[in-house]
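Visitor: Please take a close look at one part of this model, the packing of two helices against each other. How are they arranged, and which residues make the contact?

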Amino acid sequence: MYEEQEDSMSSLKEIQALQLQSEKVFDYFEEICAIPHGSRNTKAISDYLVAFAKKHDLTWYQDESNNVVIVQEATAGYEQADTIILQGHMDMVCEKENGCAIDFEKDGLDLYVDGDFLKARGTTLGGDDGIAVAYALAIMDSPEIAHPRLEVVITVDEEIGMLGAEAIDLSMLKGHKLLNIDSDVEGHFLTSCAGGMTVETTIPVDRMSQNGLAVTLTVTGLCGGHSGSEIDKEHANANMVMGRVLKYVSDRMELGVVTLEGGLKDNAIPRECTAGLLIPEEKKEELTTYIKELTAELKKEYAVSDAGITIDCAFGEKGEASILSYTAMARVIFYLRHVPNGVQHMSTVMPGLVETSLNLGILKLEDQALLATSSVRSSVSSRKEDLRDRLEHIAEFLGGEIAVSGDYPAWEYQAKSEIRDTISAVYEELFQEEPVFEAIHAGLECGILSGKIKDLDCVSFGPNNYDIHTPKERLSISSTEKVWKLLVAFLKKCK
């Protein structure tokens, strides 16, 4: 499927032909994308950053978690200026299309240019947040750029609960002004964000042997998306839809559940979920009818948000299989039909902002347990804890339990911010546009870092990057250039 697009795609050499001021940013981004750097697979990219620091005779720190801090002293005339911290994360969300052969554990990404966009064939691009790393490296590799002392903080495993930010020791830092380059709407500057946690639910199941016809149902064709920034778009969650499918069918005919699997990341809205079933052979046509009925209903309901939604039905061989006992199947279906998911509360303080949500991102049925992982977010800590309690209650009701990880605080808004005032003035002067300052529902590391650095003054921003956490991810080349100019001008202004 990817070969068919070749005629409309150009190589990365086209970026060089544009003669952009940010060309070095794209050079480093390409190097980063050649190194596997999914969450929990960051040793190679961390060592790459250390090698960069050594090559440029910079002070560096690397901890056991693979977090890296690189320090570059001020250029001439900026020795007395306040230190600036540049911050981002080195890990990416690894999602790919069916049929894409890339192994995220060992392969780099296959980049290409399509008009104004940089993309990766069949996979996520990792502009979230490889572009922050590329910006920082390009600045430190450009002696002509004037700047104060720079402290570059690149964390790991942000995408699975901000684990790197939680673990990192920043006692060596001198700076109290931080630029977090981890947002994806150019010209929009973030000043606060929700807190969050990852909740893993385990529900015990038992099995029995039964004969029947093997069937594979797949909920597919969904858009997916970032569970923080796109949770309010009402995109279908494949795991939740599969719960509806199983309930719909089980209410009308006999079936057994053999396997169940959907989603790859807790913070990515799942695009597919697959169930392996066993049915009486004589019910084959009946099942086909029910799937057609439900598919038609779903296509009407999601005509705008997920127009491609469908339920694929494939029949296999007749034989014996280990299926869930009827009691266990009832518990699994009950969980999928009643577990909270999606937007739970909208903010009453900031109209239009999601306050509290959760996303059932990963579902896996093992031999003796159903495993479900949800990403919970809220800018109100008590409501975050209330969601945790609800998940625990439903798990305990079904004889299971939960485990919480990656619990991080909200980043609270500061009424006075020198760094926000400075970057606002620079942006207006450069582009004759007023920047937008706003809160975001997605999580940022600023909240955790604020607890580690006294009196931290920070703002978050970045270039336009669309459909992050999905294989449709695309980074705007022109917007990346614009943010580069902003960074350079901001650092010059900090004298």
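Guide: Helix 6 and helix 7 are oblique to each other, because the angle between them, about 140°, falls neither over 145, which would count as roughly antiparallel, nor in the range 65 to 115 for roughly perpendicular. This is a predicted model, and the values here are computed from it. Helix 6 spans residues 238-250 and helix 7 spans residues 284-301, and their axes lie 10 Å apart. The crossing of helix 6 over helix 7 is right-handed. On the side of helix 6, the contact is made by Val241, Arg244, Val245, Tyr248 and Val249. Helix 7 meets these with Leu287, Tyr290, Ile291, Glu293, Leu294, Glu297, Leu298 and Glu301. Sorted by class, the residues of this contact comprise nine nonpolar and four charged ones, with no polar residue.

Another helix in the model packs on a sheet. The sheet is open and has four strands in the order 4-5-23-22, paired in the antiparallel sense. Its edges are strand 4 (111-114) and strand 22 (465-466), each of which pairs on one side only. Strand 5, residues 117-120, is joined to strand 23, residues 474-476, by two bridges in an antiparallel pairing. Leu118 has Leu475 of strand 23 as its bridge partner. Helix 12, residues 477-493, packs on this sheet and touches strand 4, strand 5 and strand 23. The direction of helix 12 makes about 50° with that of strand 23.

Notes
Residues are numbered from 1 along each chain as its sequence is written. This is a predicted model: local features need pLDDT of at least 70, side-chain atom pairs count only at pLDDT 80 or more; totals for chains, interfaces and linings use all residues. Side-chain values use heavy atoms; hydrogens and water are left out. Two strands pair if DSSP finds at least two bridges between them. Contact means heavy atoms within 4.5 Å. Axes are lines fitted to C-alpha atoms, for helices over the stretch in contact, and angles run from 0 to 180 degrees between N-to-C directions. Angles under 35 degrees count as roughly parallel, over 145 as roughly antiparallel, 65 to 115 as roughly perpendicular and the rest as oblique. A crossing is left-handed if the near helix is turned anticlockwise from the far one by less than a right angle, and right-handed if clockwise. Ala, Val, Leu, Ile, Met, Phe, Trp, Tyr, Cys and Pro count as nonpolar, Asp, Glu, Lys and Arg as charged, and the others, Gly among them, as polar.
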